[in-house]
Amino acid sequence: MISLQQARNLHLAAQGLLQTPTVRASRKALLATMERMALLQIDTIHVVNRSPYLVLQARLGNYPPVWLDEALAQGQLFETWAHEACFAPRADLALHRSYNATERKHWGLAKAALSHTQQRAHLDKLLAHIRDTGAVKSSDFARTSDHTSQHTSAWWGWKDEKRWLEALFASGELMVARRENFHRVYDLTERVAPEILLAKDAAEPNGAQVHEAFIEKSVAALGITQARWVNDYFRIKPRLKDADLDVLVERGDVLRVAVEGWDAPAYVHHSHKALLGKARKGTLEATHTALLSPFDPVVWDRERASALFDFDYRLECYTPEPKRVFGYFVLPILCRGELIGRLDAKAHRMEGVLEVKALHAQPGMRWSDLQVSALAGALTHWAAWHGTPAIRLAGSRPAGLAARLRAALAVERTGSDPH
């Protein structure tokens, strides 16, 4: 039996969020972080910064975002449909290609399949163009009249070539070679990943092998999980029951444990056996404070975040403004092993200002001076990374919290207590 707090800490340790980094960020650390997480979800909202960069900053500290772009361009990572659109470690390429080709059920792949059925001649012409002229971006093609609209609806109003590029990406005929200003640059798979051609005659992992591999990778990435949360990480089907993990438990690949207050067993990957031992002794200590992306694995499963952290989180940018409770781009606040609140932020880079539109403590929680100070330090560090060192803080719930945080921010700026 382990306590709920130790379960939280085990989860954060697996995700690289338990303790504040003690060494300067490096490209090697970025790749190790990707290996640990297995997936890095991609989203284009950049009211503060784009999500993949935010997720890495929470784990690495301040680092040059271009490192992620370079890792993709150098073939150390690749893009795939998984939890949603994601970056993944290159070592997992065969697993994702196999699952997406045979098992994955996703609207993006479904629309791509429709394009292959109805517009294959256009896809072949586009492939020939790329083969002859090299990698392309969607913006390389001028928007024309949507002469295929009678066959299929647009994806977010995309022009034909964008839909065709996405269809070829989904089928695996194209890959994302790199990104330019975060726009995908597509090229032939055999040029981006020539090992795919070399491995063509080798036995590809079958559906059962891929399914089991993703289960193990999910349990490892999560650190600790209930069976019902496993499938969401890679969006595999169906949702698992405890009996589905019996074989892995019997083999010793996964360990079954009890968590105080949970009426269902939990699972820990054997690679985290040492962490589990510390959790059982109550010695896993959380020291890290960070602002999490709305698309961080810690919070992307609403049920799991609620059970682990008593934190009910929903991204509201797609909610009509009058119905929003917390704001447009609300970031959960991780502080020393707890999710203690959330803030709605916007970066004004031209002015060098980070605007905190609203700050919300968890209902019923009064922040300690240590928590306020920890957030002030993390926020100061984070704002500097965005090139917005001036922090403009509006109101808070409870009302007095904003004043306490302003005072702590002043201490961070001066390095000494102004009183």
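**Exercise 1. Helix α3**

Determine how many residues of helix α3 (residues 51–60) are buried, and state what follows the helix.

*Solution.* In this predicted model, helix α3 is mostly covered, since 10 of its 10 residues are buried. To be counted as buried, a residue must have under 20% relative accessible area. Going through the helix, one finds among the buried residues Ser51, Gln57 and Arg59, together with Tyr53, Leu54, Val55 and Leu56. The next step is to look past the end of the helix, where α3 is followed by Gly61, a residue with a positive phi, near 85°.

**Exercise 2. Strand β2 and its partner**

Work out why β2 is described as largely enclosed, and identify the strand to which bridges join it.

*Solution.* Begin with the count: 5 of the 5 residues of β2 are buried, and the strand is therefore largely enclosed by the rest of the structure. Then take the two faces in turn, with Leu77, Glu79 and Trp81 on one side and Phe78 and Thr80 on the other, and both faces prove to be covered. For the pairing, β2 is joined by 5 bridges to strand β3 (residues 85–89), and the two run antiparallel. Within this pairing, Leu77 has Pro89 of β3 as its bridge partner. Finally, the connection between the strands is 3 residues, and β2 and β3 form a hairpin.

**Exercise 3. The second largest pocket**

Describe the second largest pocket by its volume, the elements that line it and the classes of its lining residues.

*Solution.* The space in this pocket comes to about 610 Å³. Its lining consists of 31 residues, and those that lie nearest the centre are Arg97, Ser171, Gly172, Thr189 and Ile196. Moving from residues to elements, at least two lining residues come from each of β2 (77–81), α5 (93–102), α7 (120–133), α8 (160–171), β5 (174–180), α9 (189–192) and α10 (195–198). Of these, α5 gives the most, with 8 residues. Sorted by class, the lining of the second largest pocket holds 15 nonpolar, 8 polar and 8 charged residues.

**Exercise 4. The cavities**

Find how many cavities of 30 Å³ or more the whole structure contains, and compile the lining of each.

*Solution.* The search finds 2 cavities of this kind. The largest has a volume of about 40 Å³, and the residues lining it are Thr380, Pro389, Ile391, Leu409 and Arg413. By class, that lining divides into 3 nonpolar, 1 polar and 1 charged.

The second largest cavity holds about 30 Å³ of space. Its lining includes Leu77 and Phe78, as well as Met175, Val176 and Ala177. Both β2 and β5 supply at least two residues each to this lining, with β5 giving the most, namely 3 residues. The class count for the second largest cavity is 7 nonpolar, 1 polar and 1 charged.

**Exercise 5. The nonpolar core**

Which residues have the most contacts inside the largest nonpolar core, and which residues does Leu379 touch?

*Solution.* The largest nonpolar core has 134 residues, and Leu379 and Trp382 have the most contacts inside it. Leaving aside residues up to four places away in sequence, Leu379 touches Leu291, Leu343, Leu354, Val356, Ile391, Leu405 and Leu409. To connect this with the preceding exercise, compare the two lists: Ile391 and Leu409 are touched by Leu379, and Ile391 and Leu409 also help line the largest cavity. As general background, nonpolar side chains tend to be buried together in soluble globular proteins.

How values were computed. Residues numbered from 1 in each chain as written. Predicted model: local features only at pLDDT ≥ 70, side-chain atom pairs only at ≥ 80, totals over all residues. Heavy atoms only, no water. 1 Å grid on protein atoms, 1.4 Å probe; cavity = no way out; pocket = protein on both sides within 12 Å on 5 of 7 lines; lining within 4 Å. Points joined across faces, edges and corners; volume = space filled by probe spheres on them. Helix = DSSP H or I, 4+ residues; strand = E, 2+ residues; numbered from the N terminus. Nonpolar A, V, L, I, M, F, W, Y, C, P; charged D, E, K, R; others polar. Buried < 20%, exposed > 50% of the residue type's maximum accessible area, 1.4 Å probe, protein only. Pairing = 2+ DSSP bridges. Core = buried A, V, L, I, M, F, W, Y, C linked by side-chain atoms within 4.5 Å. Contact = heavy atoms within 4.5 Å.
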